[in-house]
Amino acid sequence: MLLDVGDSRRLRFLAIGGIGSLVVGGAAMAFALETSPQTQQGPGAGTLPPASVATAGQGGTPAPAGPAPGPPTAPRALNVVVLDPAHGGTDPGARGTGGIQESEITLEFATRARQALEQQGFQVVETRQGNENPSFDDRSAIANAQRGAVFITLHIASTGIPGTVRVYVNADLPPVKAANGLIPWDLAQAPFLGLSRKLGDLVQGMLTQHFKGSPDAAQTAAIRQLRTTAAPAIAVEVSSVVVNDRAELDHMVPGVADAIARGVAAFKPLYAMALPSGALP
Ligand SMILES: [Zn+2]
């Protein structure tokens with residue numbers, strides 16, 4: 001299941017091209033709302049981030065001015081895929097008959113997707129590898145600390161036709177004015193929406209080859225996890241936990257992994273093309 005978020009804004013900023021995040025002030029409460037009415041999110045959703053302060057661009061090599069900060073010797077080719085097995089810990093996510101928990105199944109999908117992506121030559125970072133439950137902001141922070149990365153959050157739906165898979169991209173966000181090289185944390189996805197749509201369409205196309213009845217193109221929705229992620233970012237949602245036998249989901253794991261890996265590989269040249277235009281902060 002995917003989580004929406006209210007129109008909250010926090011006084012937290014992300015350094016463009018940055019290494020980590022910079023908290024410059026207090027934070028207002030952010031809150032998550034369910035997009036689907038059938039399940040309740042645990043109390044951990046949308047709570048405040050830890051009040052940690054990380055300096056951005058102040059350690060090591062100074063970042064040059066301009067639209068593409070960062071060490072000039074560091075290529076920004078797409079090398080890293082951050083995989084986010086959604087939910088975990090006290091948040092099992094969607095639950096189906098027979099004890100199926102979304103948080104467990106997403107780990108299974110992530111493990112196989114990691115293998116497929118590594119075979120394509122990508123470095124893979126996972127936001128969790130066990131039954132932890134990092135916050136939304138923790139997961140975004142992992143992605144935002146990478147260079148040359150895309151972010152893929154994996155979900156199992158409680159709705160939809162079993163055996164189909166949908167890709168979501170975050171809905172339009174207000175344009176951001178990157179004053180002083182900082183963009184609001186809650187709008188971190190805004191500069192990447194165009195690339196996210198391209199990535200989403202490519203991955204969805206590969207998924208639809210495997211899973212008939214899936215959509216032809218990525219869909220848009222307000223998704224809490226994607227909104228704070230400063231990289232091309234998509235959500236992949238498999239249907240569904242409402243299957244009679246977990247084996248029905250297990251059988252989908254190789255196809256989903258293959259589709260993600262091939263979709264990201266197809267996206268890689270588009271990411272490289274976006275670099276000279278300054279489209280990437
Ligand atoms: Zn979910």
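# A tour around helix H6

Start by selecting helix H1 (residues 102–119) together with H6: their axes come within 8 Å and cross at roughly 40°. That angle makes H1 oblique to H6. The model on screen is a predicted one. The crossing of H1 with H6 is right-handed.

Now show the side chains where these helices touch. From H1, select Glu108, Phe109, Arg112, Ala113, Gln115, Ala116, Leu117 and Gln119; from H6, select Val253, Pro254, Val256, Ala257, Asp258, Ile260, Ala261 and Val264. Coloured by class, the residues in this contact come out as eleven nonpolar, two polar and three charged.

**Next stop: H3 against H6**

Keep H6 and add helix H3. H3 covers residues 193–210 and H6 covers residues 253–274. How far apart are the axes of H3 and H6? They lie 8 Å apart, and the helices pack at an angle of about 150°. An angle over 145° counts as roughly antiparallel, and H3 and H6 are therefore roughly antiparallel to each other. Their crossing is right-handed.

On the H3 side, pick out Leu195, Lys198, Leu199, Leu202, Val203, Met206, Leu207 and His210. The residues they meet in H6 include Val256, Asp258, Ile260, Phe267 and Tyr271. By class, the contact of H3 with H6 holds 14 nonpolar, three polar and three charged residues.

**Two residues in H6**

Zoom in on Val256. Beyond its neighbours within four places in sequence, Val256 is in contact with Phe109, Ala113, Val165, Leu207, Val236 and Val238.

Then move to Asp258, also in helix H6. Is Asp258 buried or partly exposed? With 18 other C-beta atoms within 10 Å, Asp258 is partly exposed; 20 or more would be needed for a residue to count as buried. Leaving out neighbours within four places in sequence, Asp258 is in contact with Ala116 and His210. For a distance to check in the viewer, use the C-alpha atoms of Asp258 and Gln115: they are 143 residues apart along the chain and separated by 9.3 Å.

**The nonpolar core**

In soluble globular proteins, nonpolar side chains tend to be buried together. Here the largest nonpolar core has 67 residues. Select Ala113, Val150, Val203, Ile234, Val236, Val256 and Ile260, the residues with the most contacts inside this core. Which element gives the largest share of the core? H6 does, with eight residues.

**Helix H2 and its cover**

Select helix H2 (residues 136–144), which is mostly covered, with eight of its nine residues buried. The buried ones are Phe136, Asp137, Arg139, Ser140, Ala141, Ile142, Ala143 and Asn144. To see what covers them, add strands S2 (12–15), S5 (80–85), S6 (123–126) and S7 (149–157), and helix H4 (224–227), which are among the covering elements.

**Thr106 and His87**

Go back to H1 and find Thr106, which lies in that helix. Thr106 counts as buried because it has 26 C-beta neighbours inside 10 Å. Apart from neighbours within four places in sequence, Thr106 is in contact with Pro85, Ala86, His87, Leu154, His155 and Ile156. Of these, Ile156 is 50 residues from Thr106 in sequence, yet their C-alpha atoms are 6.8 Å apart.

One of the contacts of Thr106 is His87, located in the loop between S5 and H1. His87 is buried, with 29 other C-beta atoms within 10 Å. Check its backbone as well. Most residues other than glycine have a negative phi, and most peptide bonds are trans. In His87, phi is near 65°, a positive value.

**A cis peptide bond**

Where is Ser240? Look in the loop between strand S11 (233–239) and helix H5 (246–250). Ser239 and Ser240 are joined by a cis peptide bond, with omega at about -5°.

**Back to the start of the chain**

Select Leu2, in the segment before strand S1 (3–5). Leu2 counts as buried, with 21 C-beta neighbours inside 10 Å. Add His155: its C-alpha atom and that of Leu2 are separated by 7.1 Å, although the two residues are 153 apart along the chain.

**The whole chain**

Finally, zoom out. The protein chain has six helices and eleven strands. Of its 281 residues, 43% are buried. Among contacts with a separation of 6 or more, 79% are between residues 24 or more positions apart.

Key: Residues are numbered from 1 along each chain as its sequence is written. This is a predicted model: local features need pLDDT of at least 70, side-chain atom pairs count only at pLDDT 80 or more; totals for chains, interfaces and linings use all residues. Axes are lines fitted to C-alpha atoms, for helices over the stretch in contact, and angles run from 0 to 180 degrees between N-to-C directions. Helices (H or I, at least four residues) and strands (E, at least two) are DSSP runs, numbered from the N terminus. Angles under 35 degrees count as roughly parallel, over 145 as roughly antiparallel, 65 to 115 as roughly perpendicular and the rest as oblique. A crossing is left-handed if the near helix is turned anticlockwise from the far one by less than a right angle, and right-handed if clockwise. Two residues are in contact if their C-beta atoms, placed from the backbone, lie within 7 Å. Ala, Val, Leu, Ile, Met, Phe, Trp, Tyr, Cys and Pro count as nonpolar, Asp, Glu, Lys and Arg as charged, and the others, Gly among them, as polar. A nonpolar core is a set of buried Ala, Val, Leu, Ile, Met, Phe, Trp, Tyr and Cys residues joined through C-beta atoms within 7 Å. A residue is buried if 20 or more other C-beta atoms lie within 10 Å of its own, exposed if 12 or fewer, and partly exposed in between; C-beta atoms are placed from the backbone.
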